[in-house]
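Please open the model in your viewer and keep the selection panel at hand. The tour below moves from one selection to the next and says what is found at each stop.

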Amino acid sequence: MEIIKLALRNLARQKKRTFLLGSAIAFGIMIVTVINGFAGAFVDNISENFANLAAGHVFIQGVEKSASGKESDIIRDDALLMQAVKDANIPSKYISKRSSAQASLIFAGHNAQLKVDGVDFSKETFLPERLMFIKGGLEGMKQRDGIIISEPIAKRLNVQPGDRVLVQLRTLTGQQNVGEFSIAGITVDAGIFGSMSGYANKTYMNELLALGPEDYQLLGIYLPSLKGTDAYGKALYEKVKAVAPVFDRDAAKNDQNFIRSFMNQGKTETWTGIKYRVFTLNDMLAQVKQIADALDTASLIILLVLFVIIMVGITNTFRIILYERIREIGTMRSIGMQRGEVRNLFLFEAGFLALGGAVFGLVLAFIVMAAIGGISFSMNSPVFIILKNGHMTFKVDAARMLLNVLIVAALTEFAAFFPSRNAARLDPAVALRTVK
Amino acid sequence: MTIVELQDVRKVYPLGKVEVEAVKGVSFCIEKGDFVSIAGPSGSGKTTILNMIGCVDRPTKGTVSIAGTPTKDLKDAALTTLRHETLGFIFQSFNLIPVLNVRENIEFPLLLGRERVPKKEREQWIDYLIEEVGLSQWSKHKSNELSGGQRQRVAIARALVTKPEIVLADEPTANLDSHTGEQILELMKKINREMQTTFIFSTHDAKIVGLADHIIRLRDGLIIENVRNGTDAAALCADLAGESVIENSPVQSARS
């Protein structure tokens, strides 16, 4: 207890030096915590934004192959799939059933490419909540040929709500088709993915694509949270597999780029009729996870590099401290302090320094994260995909934070260990007669 | 009763490539409860002998026994325990711990070691010592807020707090003015009488040597005089170790 008190007082003795060393430790902890926090939220935010754009976390895509080998995306047996979803016990927030096509919009000599999703607005109640209109609104979608486009597309075409634009796309069988859309609303730019998307009524899209009124191409299940995406994906895969032909997920699982390999399976296989492909958001974002993992690894390397530098400073400082207090060490040894107690005194000082620096660093990190999180980014910001509601968010894992603090404490103790051991090994007579 | 015994003690220090013999074979004994002065000019080996008695330094040759325990083969931990339990130290430069106040400095040795004195008993004893050294009003002050004399009083109280059998004081008055120095010695003498603690102090000041019961004079690492209460103190060791030791002792050599 006395050693702890003495260690704390010794730290308070050279306030400026303690503050500087503590600040160096705090800086290291702060940087790493912010990076960890960013990496933690990075995957979640991208997944969340992607889930919003793709309208789901778990998906079923129907792929039909004709006798001639022509491949097209279509789901005809909705009841079969809905039964599979029910059997898989998936707690869906809502289910989207969309038809979509890559289309060209043409207006007054201007042309813009975008992906148009056919949406059943009466069922997809979540999408209207997410769309932020600058002009027009959902009212216009009451017209069967209404379309909602983003601001960059509207600017390129120079259109306003109420304008009628030509649309050019390929039908399911690959024929060129032309139709007309009426601009119902213009939304704010929702980033790189959002700006390339438009939303039309599914019944009209199905007409343009030559699909039946109840057909669609992609079934998306929107889960209450990202948690369980893989498990529910697997459960749904098993249920669909039990009642219909599916693309084999296991065949592609060893491929480094799973989703590319999985999506291309149809090209090499021969079948007729409809085969289903069950996949998840995590399959699509596996590379995003790799980026996050790389960020985490990078943060650990940064922590280690920073601390190797800080350790040199700590070792040198403790060598100076040893020299400064050499007579004091001699005195304490003379009056009965054992070697181990002298070593522990220095190690306690280092430990308190590390702990104080770490706490200070964590406080700083949370201040920095709160400050960055308070900045409102424009919706057309290139970083939109990693934002949540226009704000950068951070998710700090408590276990990772604790690990960082433990690493820092261990490295600080290691840096102070050799000077502490030297202090303990000092011959008291030598220490007492040393003249500074 | 002999409490300190040195037999043919030599101490050689390496100084660069040469070796310096600071103590050249010294033998003497000190009786319990004595007020002992080790006197001599600078470089005569006073501090080296005190360090060896204090178990902070080991002799190159010869043996040192403290309270009947030969220190030669004791390991560092045992020597530290011996220092803690049997010896008290007063230094020329006071050597107080700067981050602790008067009371904490005095209490510090009691918080070391394996045995703990109960808090109430500890506090009463520290209060008594503070009172005894006349620092009641200064107990919460740090050492940098005290005069030299006050600091040395703290050092005396600290040396006494573990109730040691022997207190070693290396030139305790050297950094003090003559008046304060006298006060400090008077205090040491008073405690010596009251507590029957053996005091061994080194000094090069001829005036204060006279206060001692037992005077050991050194020159160039050899004893030139060993007198206790006016008589030759060499016989003290003769009783213990036999004539052969005394015959070979540097006292004899120096006299002959």
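A crossover is called right-handed if, with the strands pointing away from the viewer, the path from the first strand over the helix to the second runs clockwise. With that convention in mind, and remembering that this is a predicted model, select strand β7 (residues 166-170), helix α6 (residues 178-195) and β8 of chain B, which together make a right-handed β-α-β unit.

Next, keep only strand β8 (residues 198-203) of chain B, where 6 of the 6 residues are buried, so that, with a residue counted as buried if 20 or more other C-beta atoms lie within 10 Å of its own, the strand is mostly covered. Showing side chains lets you follow both faces of β8(B): on one side Thr198(B), Ile200(B) and Ser202(B) are buried, and on the other Phe199(B), Phe201(B) and Thr203(B) are buried as well.

Now add the strands that pair with β8(B). Strand β7(B) runs parallel to β8(B) and is joined to it by 5 bridges, and within this pairing Leu168(B) stands opposite Ile200(B). Strand β3 (residues 35-39) of chain B is likewise parallel to β8(B), with 5 bridges between them; here, Ala39(B) has Thr203(B) as its bridge partner.

Finally, bring chain A into view and select the contacts between the chains, in which 19 residues of chain B meet 19 residues of chain A. On the chain B side, helix α2 (residues 76-86) gives the largest share, with 5 residues, and the residues of that side divide into 10 nonpolar, 6 polar and 3 charged.

Technical notes: Residues numbered from 1 in each chain as written. Chains lettered and ligands numbered in written order. Predicted model: local features only at pLDDT ≥ 70, side-chain atom pairs only at ≥ 80, totals over all residues. Contact = placed C-beta atoms within 7 Å. Helix = DSSP H or I, 4+ residues; strand = E, 2+ residues; numbered from the N terminus. Nonpolar A, V, L, I, M, F, W, Y, C, P; charged D, E, K, R; others polar. Buried ≥ 20, exposed ≤ 12 C-beta atoms within 10 Å, placed from the backbone. Pairing = 2+ DSSP bridges.
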